[in-house]
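The following exercises are to be worked with the sequence and the model side by side. Each task is followed by a solution in steps.

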Amino acid sequence: MARRIIIDTDPGIDDAMAIFFAIASPELDVVALTTVFGNAHTTVCTQNALRLLEIAGRTDVPVAEGAHAPLAMRFRGPADFVHGTNGQGDAPLAPPSTSAVADGAVELIIREVMAAPGEITLVPLGPLTNVARALRAEPRLAANLAGIVLMGGNAFCGGNATPAAEANIVNDPEAADVVFGAACPVVMAGLDVTERIVMTGAQLDRIAAVDNPRAQHLAAILPYYRRFALDRQGLDGIFVHDSTTISYLLAPEHFTSVSHPVRVDTGSGVGRGKTWASTRRAEHGDDPWAGRPPVTILTGVDADAVVRLELGRLGVPG
Ligand code: RIB
Ligand code: CA
């Protein structure tokens, strides 16, 4: 039976890749998309989610709009310099002909999970506001989830949004600290692993040669993301951030991991948003990680294998 997932997303160029990757994978059943601010404002992300489903021919998948702002601060603002002002590389996009469902993201997540205990995995690809709100609103939610496989954080490396922190986490550190404390299996696909997975310029060019609407949409939006990667990171290609969650769900054997409790820096200093894994016991004094469940932190990957897997699902011949 296909594994049932809800993707919580801020589309986003790499979010678009991950959504198409998931939809093209028969091992996964995409129950819904829920949206959040991040790469763009939430209303833009919702429009993009609807449009991506139209392009994929999957308007049967409901989209529920989520939070417009983090739990305890103002939204830092869209990452238009990475994803374009429309979140889709400034490629011209027709408005969707479908609409979001009446339920909000939190309501949809709670309803679907509680109706199918143990079946649904949440796959957050943006700030963790919706997921934290859902965990708080329904205390039994964690026990009824199959798990959470999220893109975000940096346990053993520097950040990408600040020297300390990764973009999804720094956009709502308080929410992330709630989610890393959830009493269900949590897998963190953070920069420790996603920055090891590069899809090269030559590989991205092969997507453009695929004659289907999904590949053609990616070909239209990827140049903006590639320009950012070249200018800011000196990379001929892109880090495959959000799709790493999908690769892990499909082929966990390609990954290595460590298991430690994780806390998020929610202070106001330069470390705000940093994900701290507790790799040793506190020798004295209070232990801020005490009582926190272990998180599976992905640290190693067969990058060639997962890039091949994703390209194959996107229709690029092997
Ligand atoms: O740090 C990478 C994350 O930030 C990805 O989810 C990407 O879409 C951006 O939001
Ligand atoms: Ca994202």
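**Exercise 1.** In which loop does Gly 12 lie? Characterise the peptide bond that precedes this residue.

*Solution.* The model is a predicted one. Step 1: Gly 12 is placed in the loop between β1 (3-9) and α1. Step 2: the bond joining Pro 11 and Gly 12 is a cis peptide bond, with omega about 0°. Step 3: as a background to this, most peptide bonds are trans.

**Exercise 2.** Determine whether His 83 is buried or exposed, and list its contacts beyond the sequence neighbourhood.

*Solution.* Step 1: His 83 belongs to helix α3. Step 2: its relative accessible area is 4%, and buried means under 20%; His 83 is therefore buried. Step 3: with residues up to four places away in sequence set aside, His 83 touches Gly 12, Ile 13, Asp 14, Asn 39, Gln 88, Gly 89, Asp 90, Tyr 224 and Tyr 225.

**Exercise 3.** Examine Asp 90, one of the residues touched by His 83, for its backbone and its exposure.

*Solution.* Step 1: Asp 90 is located in the loop between α3 and α4 (105-115). Step 2: its phi is near 60°, a positive value in a residue other than glycine. Step 3: most residues other than glycine have a negative phi. Step 4: Asp 90 has a relative accessible area of 39%; the range between 20% and 50% counts as partly exposed, so Asp 90 is partly exposed.

**Exercise 4.** Describe the largest pocket by volume, lining and composition.

*Solution.* Step 1: the volume of the largest pocket is about 540 Å³. Step 2: it is lined by 29 residues, of which Ala 79, Val 82, His 83, Asn 160 and Ala 167 are the closest to its centre. Step 3: two or more lining residues come from each of α1 (13-23), α3 (80-83), α7 (167-170), α11 (213-233) and β8 (237-239). Step 4: α11 gives the largest share, five residues. Step 5: by type, the lining comprises 13 nonpolar, nine polar and seven charged residues.

**Exercise 5.** Establish the surroundings of His 241.

*Solution.* Step 1: His 241 is found in the loop between β8 and α12 (243-250). Step 2: with a relative accessible area of 9%, His 241 is buried. Step 3: leaving out neighbours within four places in sequence, the contacts of His 241 are Asp 14, Met 151, Asn 160, Leu 191, Thr 194, Glu 195 and Tyr 225. Step 4: Val 193 is 48 residues from His 241 in sequence, yet the C-alpha to C-alpha separation is 8.6 Å.

Definitions and conventions: Residues are numbered from 1 along each chain as its sequence is written. Chains are lettered from A and ligands numbered from 1 in the order in which they are written. This is a predicted model: local features need pLDDT of at least 70, side-chain atom pairs count only at pLDDT 80 or more; totals for chains, interfaces and linings use all residues. Side-chain values use heavy atoms; hydrogens and water are left out. On a 1 Å grid over the protein atoms alone, a cavity is a set of points where a 1.4 Å probe fits but cannot get out, and a pocket is an open set with protein on both sides within 12 Å along at least five of seven lines; lining residues have an atom within 4 Å of a point. Grid points are joined across faces, edges and corners, and a volume is the space filled by probe spheres set on the points. Helices (H or I, at least four residues) and strands (E, at least two) are DSSP runs, numbered from the N terminus. Ala, Val, Leu, Ile, Met, Phe, Trp, Tyr, Cys and Pro count as nonpolar, Asp, Glu, Lys and Arg as charged, and the others, Gly among them, as polar. Buried means under 20% relative accessible area, exposed over 50%, partly exposed in between (1.4 Å probe, protein chains only). Contact means heavy atoms within 4.5 Å.
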